[in-house]
Amino acid sequence: MRGFVVDTGTTIVFFTIVAGLTELLLAGMSPREVLVTRALTVPVMVLTGRPYGMWRDMWFRRVPARGLIARTALDIAAFLSFQVPVYAMILWVAGADVGEMAIALGSAVWLMVLLSRPFGLVLERVRRAFGLAPPGLAHAPDR
(Lines give C-alpha, C1' and ligand atoms only; values in the text may rest on other atoms or scores of the structure.)
Protein backbone atom coordinates (compact mmCIF):
# COMPACT_ATOMS: atom_id res chain seq x y z
CA MET A 1 0.00 0.00 0.00
CA ARG A 2 2.85 2.36 0.79
CA GLY A 3 4.27 1.82 -2.71
CA PHE A 4 0.91 2.74 -4.21
CA VAL A 5 0.67 5.93 -2.13
CA VAL A 6 4.24 7.02 -2.80
CA ASP A 7 4.27 6.34 -6.56
CA THR A 8 0.79 7.75 -7.07
CA GLY A 9 1.28 10.85 -4.92
CA THR A 10 4.61 11.65 -6.57
CA THR A 11 3.07 11.24 -10.01
CA ILE A 12 0.05 13.45 -9.24
CA VAL A 13 2.03 16.33 -7.80
CA PHE A 14 4.83 16.30 -10.36
CA PHE A 15 2.73 15.97 -13.50
CA THR A 16 -0.31 18.02 -12.57
CA ILE A 17 1.92 21.06 -12.38
CA VAL A 18 4.00 20.33 -15.48
CA ALA A 19 1.22 19.08 -17.77
CA GLY A 20 -1.24 21.80 -16.80
CA LEU A 21 1.25 24.51 -17.70
CA THR A 22 2.10 22.75 -20.96
CA GLU A 23 -1.53 22.46 -22.01
CA LEU A 24 -2.28 26.07 -21.19
CA LEU A 25 0.87 27.83 -22.34
CA LEU A 26 2.19 25.65 -25.17
CA ALA A 27 -0.81 23.80 -26.59
CA GLY A 28 -3.11 26.81 -26.36
CA MET A 29 -5.90 24.83 -24.75
CA SER A 30 -8.53 26.92 -23.04
CA PRO A 31 -8.48 27.13 -19.25
CA ARG A 32 -11.67 25.04 -19.23
CA GLU A 33 -10.05 22.30 -21.34
CA VAL A 34 -7.00 22.32 -19.07
CA LEU A 35 -9.18 22.01 -15.95
CA VAL A 36 -11.15 19.16 -17.49
CA THR A 37 -7.97 17.43 -18.62
CA ARG A 38 -6.30 17.82 -15.22
CA ALA A 39 -9.50 16.66 -13.45
CA LEU A 40 -9.55 13.58 -15.69
CA THR A 41 -5.89 12.89 -15.07
CA VAL A 42 -6.17 12.59 -11.28
CA PRO A 43 -8.18 9.35 -11.41
CA VAL A 44 -6.02 8.19 -14.31
CA MET A 45 -2.88 8.89 -12.28
CA VAL A 46 -4.42 7.07 -9.33
CA LEU A 47 -4.85 4.08 -11.65
CA THR A 48 -1.49 4.42 -13.45
CA GLY A 49 0.94 5.91 -10.90
CA ARG A 50 1.89 2.63 -9.26
CA PRO A 51 1.75 0.56 -12.48
CA TYR A 52 4.12 3.08 -14.11
CA GLY A 53 6.48 2.83 -11.14
CA MET A 54 6.45 -0.94 -11.53
CA TRP A 55 6.87 -0.62 -15.34
CA ARG A 56 9.91 1.62 -14.81
CA ASP A 57 11.33 -0.81 -12.24
CA MET A 58 10.96 -3.65 -14.73
CA TRP A 59 12.87 -1.69 -17.38
CA PHE A 60 15.68 -0.93 -14.93
CA ARG A 61 15.88 -4.54 -13.77
CA ARG A 62 15.97 -6.01 -17.29
CA VAL A 63 18.14 -3.54 -19.18
CA PRO A 64 21.67 -2.87 -17.97
CA ALA A 65 21.99 0.86 -17.44
CA ARG A 66 25.25 2.09 -16.01
CA GLY A 67 26.03 5.76 -16.13
CA LEU A 68 24.06 8.90 -16.71
CA ILE A 69 23.38 8.49 -20.44
CA ALA A 70 22.17 4.89 -20.18
CA ARG A 71 19.93 5.60 -17.17
CA THR A 72 18.53 8.70 -18.86
CA ALA A 73 17.77 6.77 -22.06
CA LEU A 74 16.10 4.05 -20.03
CA ASP A 75 13.92 6.56 -18.18
CA ILE A 76 12.91 8.12 -21.50
CA ALA A 77 12.04 4.77 -23.09
CA ALA A 78 10.07 3.57 -20.07
CA PHE A 79 8.16 6.82 -19.74
CA LEU A 80 7.27 7.28 -23.41
CA SER A 81 6.18 3.68 -23.87
CA PHE A 82 3.81 3.92 -20.93
CA GLN A 83 2.55 7.50 -20.83
CA VAL A 84 2.02 8.64 -24.44
CA PRO A 85 -0.96 6.32 -25.02
CA VAL A 86 -2.46 7.27 -21.65
CA TYR A 87 -2.14 11.01 -22.32
CA ALA A 88 -3.61 10.72 -25.84
CA MET A 89 -6.71 9.05 -24.42
CA ILE A 90 -7.07 11.73 -21.73
CA LEU A 91 -6.92 14.52 -24.30
CA TRP A 92 -9.49 12.78 -26.50
CA VAL A 93 -11.90 12.25 -23.59
CA ALA A 94 -11.41 15.88 -22.47
CA GLY A 95 -12.66 17.07 -25.85
CA ALA A 96 -9.45 18.40 -27.36
CA ASP A 97 -9.74 18.61 -31.13
CA VAL A 98 -7.24 16.90 -33.44
CA GLY A 99 -5.06 20.01 -33.78
CA GLU A 100 -4.96 20.56 -30.03
CA MET A 101 -4.18 16.88 -29.47
CA ALA A 102 -1.34 16.98 -31.99
CA ILE A 103 0.18 20.04 -30.36
CA ALA A 104 -0.35 18.74 -26.82
CA LEU A 105 1.09 15.30 -27.64
CA GLY A 106 3.99 16.79 -29.60
CA SER A 107 4.78 19.14 -26.75
CA ALA A 108 4.27 16.38 -24.22
CA VAL A 109 6.71 14.05 -25.99
CA TRP A 110 9.40 16.71 -25.89
CA LEU A 111 8.60 17.45 -22.28
CA MET A 112 8.46 13.74 -21.45
CA VAL A 113 11.93 13.33 -22.93
CA LEU A 114 13.15 16.29 -20.87
CA LEU A 115 11.30 15.40 -17.67
CA SER A 116 11.43 11.61 -17.62
CA ARG A 117 14.83 11.49 -15.93
CA PRO A 118 14.08 14.24 -13.40
CA PHE A 119 10.80 12.47 -12.60
CA GLY A 120 12.67 9.18 -12.26
CA LEU A 121 15.09 10.80 -9.83
CA VAL A 122 12.25 12.38 -7.85
CA LEU A 123 10.46 9.04 -7.72
CA GLU A 124 13.63 7.29 -6.54
CA ARG A 125 14.24 9.92 -3.84
CA VAL A 126 10.68 9.88 -2.55
CA ARG A 127 10.74 6.09 -2.51
CA ARG A 128 14.01 6.08 -0.60
CA ALA A 129 12.59 8.60 1.88
CA PHE A 130 9.79 6.11 2.57
CA GLY A 131 12.10 3.08 2.54
CA LEU A 132 10.81 1.81 -0.80
CA ALA A 133 13.79 1.91 -3.19
CA PRO A 134 13.62 -1.17 -5.43
CA PRO A 135 16.61 -3.50 -5.03
CA GLY A 136 17.93 -2.75 -8.54
CA LEU A 137 17.84 1.01 -7.96
CA ALA A 138 18.85 1.30 -4.31
CA HIS A 139 22.57 1.40 -5.07
CA ALA A 140 22.36 3.52 -8.22
CA PRO A 141 24.04 6.92 -8.19
CA ASP A 142 21.78 9.98 -8.23
CA ARG A 143 22.70 11.22 -11.65
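**Exercise 1. Find the backbone oxygen that the side chain of Ser-116 reaches.**

Solution. The side chain of Ser-116 reaches the backbone oxygen of Val-113 at 3.4 Å. The model is predicted: local features need pLDDT of at least 70, side-chain atom pairs count only at pLDDT 80 or more, and totals for chains, interfaces and linings use all residues. Residues are numbered from 1 along each chain as its sequence is written, and side-chain values use heavy atoms, without hydrogens and water.

**Exercise 2. Place Ser-116: is Ser-116 buried or exposed?**

Solution. Start with the element: Ser-116 sits in helix 4. Helices are DSSP runs (H or I, at least four residues), numbered from the N terminus. Next, accessibility. Ser-116 has a relative accessible area of 1%, so Ser-116 is buried (under 20% relative accessible area, 1.4 Å probe, protein chains only). Last, neighbours. Leaving out residues up to four places away in sequence, Ser-116 touches Asp-75, Ile-76, Phe-79 and Leu-111. Contact means heavy atoms within 4.5 Å.

**Exercise 3. Describe how helix 1 and helix 4 cross.**

Solution. Take the axes: they come within 10 Å and cross at roughly 150°. Axes are lines fitted to C-alpha atoms over the stretch in contact, with angles from 0 to 180 degrees between N-to-C directions. Helix 1 is therefore roughly antiparallel to helix 4 (angles over 145 degrees). Then list the partners. Among them, Thr-10, Phe-14 and Phe-15 are in helix 1, and Leu-115, Phe-119 and Val-122 are in helix 4.

**Exercise 4. List the contacts of Phe-119.**

Solution. Set aside neighbours within four places in sequence. Phe-119 then contacts Thr-10, Thr-11, Phe-14, Phe-15, Tyr-52 and Phe-79.

Notes:
Helices (H or I, at least four residues) and strands (E, at least two) are DSSP runs, numbered from the N terminus. Buried means under 20% relative accessible area, exposed over 50%, partly exposed in between (1.4 Å probe, protein chains only). A polar contact is a pair of N or O atoms within 3.5 Å; within protein, one must be able to donate a hydrogen and the other to accept it, and residues adjacent in sequence count only if both atoms are side-chain atoms. Angles under 35 degrees count as roughly parallel, over 145 as roughly antiparallel, 65 to 115 as roughly perpendicular and the rest as oblique.
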